[in-house]
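Here are a few exercises to work through with the coordinates loaded. Try each task yourself before you read the solution.

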Amino acid sequence: QVQLVESGGGLVQAGGSLRLSCAASGRTFSSYAMGWFRQAPGKDREFVAAIRWSDGSTYYARSVKGRFTISRDNPKNTVYLQMNSLKPEDTAVYYCAAGSGVVGENVYHDWGQGTQVTVSS
């Protein structure tokens with residue numbers, strides 16, 4: 001099992017930036033990739049971005065591509081999500097997850113507790 005702790009959420013004005021962090025511990029070697037997901041009130045959880053531990057390949061949802069950047073620090077077992085040009089529709093609870101694959105929520109087996117991101121207009 002992988003333990004995940006997110007941090008960095010908060011309140012920001014539209015057009016602003018935030019950087020989320022996700023620190024992983026435990027059986028981190030069992031993970032193939034790390035992903036960020038988000039869930040807005042009344043909506044289903046949706047994929048945001050993912051990165052492979054081995055080579056740093058990245059994947060993004062269309063809605064965030066060009067604005068968000070996912071990165072990893074392997075020695076620190078930490079993954080980041082840099083969010084720029086934030087929009088009110090980015091408001092959600094953001095979760096990081098450890099997975100055995102990249103595509104598909106069902107490949108992610110461990111989840112963090114989530115961190116709230118609120119973007120005001």
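**Exercise 1. Find which side chain makes a polar contact with the side chain of D110, then work out the surroundings of D110.**

Step 1. Look for N or O atom pairs within 3.5 Å; within protein, one must be able to donate a hydrogen and the other to accept it, and residues adjacent in sequence count only if both atoms are side-chain atoms. The side chain of H109 turns up at 2.5 Å from that of D110.

Step 2. Keep going with the same side chain: D110 also reaches the backbone nitrogen of V2, at 3.3 Å.

Step 3. Place the residue. D110 sits in strand β10 (residues 108–111); strands (E, at least two residues) are DSSP runs, numbered from the N terminus. Its relative accessibility is 9%, so D110 counts as buried (buried is under 20% relative accessible area with a 1.4 Å probe, protein chains only; exposed is over 50%, partly exposed in between).

Step 4. List contacts, meaning heavy atoms within 4.5 Å. Skipping neighbours within four places in sequence, D110 touches Q1, V2, L4, C96, A97 and A98.

A word on the ground rules: this is a predicted model, where local features need pLDDT of at least 70 and side-chain atom pairs count only at pLDDT 80 or more, while totals for chains, interfaces and linings use all residues. Residues are numbered from 1 along each chain as its sequence is written, and side-chain values use heavy atoms, with hydrogens and water left out.

**Exercise 2. Is A97 buried or exposed, and what is it in contact with?**

Step 1. A97 belongs to strand β9, and with a relative accessible area of 0% it is buried.

Step 2. Leaving out neighbours within four places in sequence, its contacts include L4, A33, M34, F37, Y108 and D110.

Step 3. Check a C-alpha distance: A97 and A50 are 47 residues apart along the chain, and their C-alpha atoms are separated by 9.1 Å.

**Exercise 3. Locate the disulfide and describe its geometry.**

Step 1. Search for cysteine sulfur pairs within 2.5 Å. The whole structure yields one disulfide.

Step 2. That bond joins C22 to C96, with S to S at 2.0 Å. The partners lie 74 residues apart, C22 in strand β3 and C96 in strand β9.

Step 3. The torsion about the S-S bond of C22 and C96 is about 55°, so the disulfide is right-handed. Both C22 and C96 are buried.

**Exercise 4. Work out the strand order in the open sheet of four strands.**

Step 1. Call two strands paired if DSSP finds at least two bridges between them. β3 and β8 pair in the antiparallel sense over six bridges, and C22 has V79 as its bridge partner in β8.

Step 2. The full order comes out as β1-β3-β8-β7, with antiparallel pairing. Since β1 and β7 stand at the edges with a single partner strand each, one side of each is left without a neighbour in the sheet.

**Exercise 5. Which side chains of strand β11 are buried, and which strands pair with β11?**

Step 1. Walk along β11 (residues 115–120): T115, V117 and V119 point to one face and are buried, while Q116, T118 and S120 point to the other and are not.

Step 2. Strand β2 (residues 10–13) pairs with β11 in the parallel sense over four bridges, one of them matching V12 to V119.

Step 3. Strand β9 (residues 92–99) pairs with β11 in the antiparallel sense over three bridges, and here V93 has Q116 as its bridge partner.
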